[in-house]
Amino acid sequence: MKMQWSLILGLLFALLTAVFAVINVDPVSVNLLFSTVSMPLILLIIGCTLLGGIIVGSYGIYRQYRLQREVKALSAKLVQYQELYGDLNTTNLTGESSVAQESATQKDYESNTDDLSAPSDELGKDKL
């Protein structure tokens with residue numbers, strides 16, 4: 001859904017830029033530090049918009065490449081830890097506990113509550 005909204009906003013921005021560029025067709029002089037060029041304002045607006053899009057797109061591609069590299073490194077580290085320590089089978093990647101651990105935890109809880117109830121009964125008998 002986020003991608004659809006980004007596409008819609010991008011198309012809306014492109015439409016507004018095109019309308020703005022078509023309205024401004026007068027020639028302007030542009031100082032390029034070493035020379036001055038006269039060109040229609042529509043070409044300058046569209047050129048700057050395209051240049052900005054290329055810069056933003058290049059940064060997005062670079063960021064995506066960097067994140068993929070980080071994911072590969074972390075995946076390799078995960079495989080290394082799994083080989084080193086074995087599969088502990090405590091929690092899978094979705095965060096759900098395994099059935100074996102849940103039953104072991106339940107048994108530990110029941111045994112701990114049984115241990116706690118026995119001394120309290122004895123203490124109650126001692127007071128009588």
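How far apart should the ends of α2 be if its 45 residues each add 1.5 Å, and what separation do its end C-alpha atoms have? The legends below, which describe a predicted model, begin with the whole chain and then come to this helix and its surroundings.

**View 1. The chain as a whole, with three helices and two strands.** Read along the sequence, the elements of this predicted model follow the pattern α-β-β-α-α. Of the 128 residues of the chain, 4% count as buried. Among the contacts in the chain with a separation of 6 or more, 16% are accounted for by residues 24 or more positions apart.

**View 2. Helix α2 from end to end, and the residue that follows it.** At 1.5 Å a residue, the 45 residues of α2 should span 66 Å, and the end C-alpha atoms of the helix are 65 Å apart, which agrees with that expectation. After α2 comes G86, a residue whose phi is positive, near 80 degrees.

**View 3. The packing of helix α1 against helix α2.** Helix α1, which covers residues 2-23, packs with helix α2, which covers residues 41-85, at an angle of about 160 degrees, and their axes are 8 Å apart. Because angles over 145 degrees count as roughly antiparallel, α1 is roughly antiparallel to α2. The crossing in which α1 passes α2 is right-handed. On the side of α1 the contact is made by F13, T17, F20, A21 and V22, while α2 contributes I42, I45, I46 and T49. Sorted by character, the residues of this contact divide into seven nonpolar and two polar, with no charged residue.

**View 4. T17 and I45, two residues of the contact between α1 and α2.** T17 has its place in helix α1, and at 13% relative accessibility T17 counts as buried, since buried means under 20%. Not counting residues up to four places away in sequence, T17 touches I45 and T49. I45, for its part, lies in helix α2 and also counts as buried, at 14% relative accessibility. Once its neighbours within four places in sequence are left aside, I45 is in contact with T17, F20, A21 and N24. Of these partners, F20 is 25 residues from I45 in sequence, and the two C-alpha atoms are 8.4 Å apart in space. As background to such lists of partners, an α-helix has 3.6 residues a turn, so residues three or four places apart point the same way.

**View 5. D26, in the loop between α1 and β1.** The strand β1 that ends this loop covers residues 27-31. D26 is exposed, with a relative accessible area of 54%, and the reason for this label is that exposed means over 50%. Although D26 and P40 are 14 residues apart along the chain, their C-alpha atoms are separated by 5.5 Å. P40 is also one of the residues that D26 contacts, together with M39 and L41, when neighbours within four places in sequence are left aside.

**View 6. L33, in the loop between β1 and β2.** The strand β2 on the far end of this loop covers residues 36-40. L33 is not a glycine, yet it has a positive phi of about 70 degrees. At 86% relative accessibility, L33 counts as exposed.

Definitions and conventions. Residues numbered from 1 in each chain as written. Predicted model: local features only at pLDDT ≥ 70, side-chain atom pairs only at ≥ 80, totals over all residues. Heavy atoms only, no water. Axes fitted to C-alpha atoms, helices over the stretch in contact; angles between N-to-C directions. Helix = DSSP H or I, 4+ residues; strand = E, 2+ residues; numbered from the N terminus. Parallel < 35°, antiparallel > 145°, perpendicular 65-115°, else oblique. Left-handed = near helix turned anticlockwise from the far one by under 90°. Contact = heavy atoms within 4.5 Å. Nonpolar A, V, L, I, M, F, W, Y, C, P; charged D, E, K, R; others polar. Buried < 20%, exposed > 50% of the residue type's maximum accessible area, 1.4 Å probe, protein only. Expected span 1.5 Å × (residues − 1).
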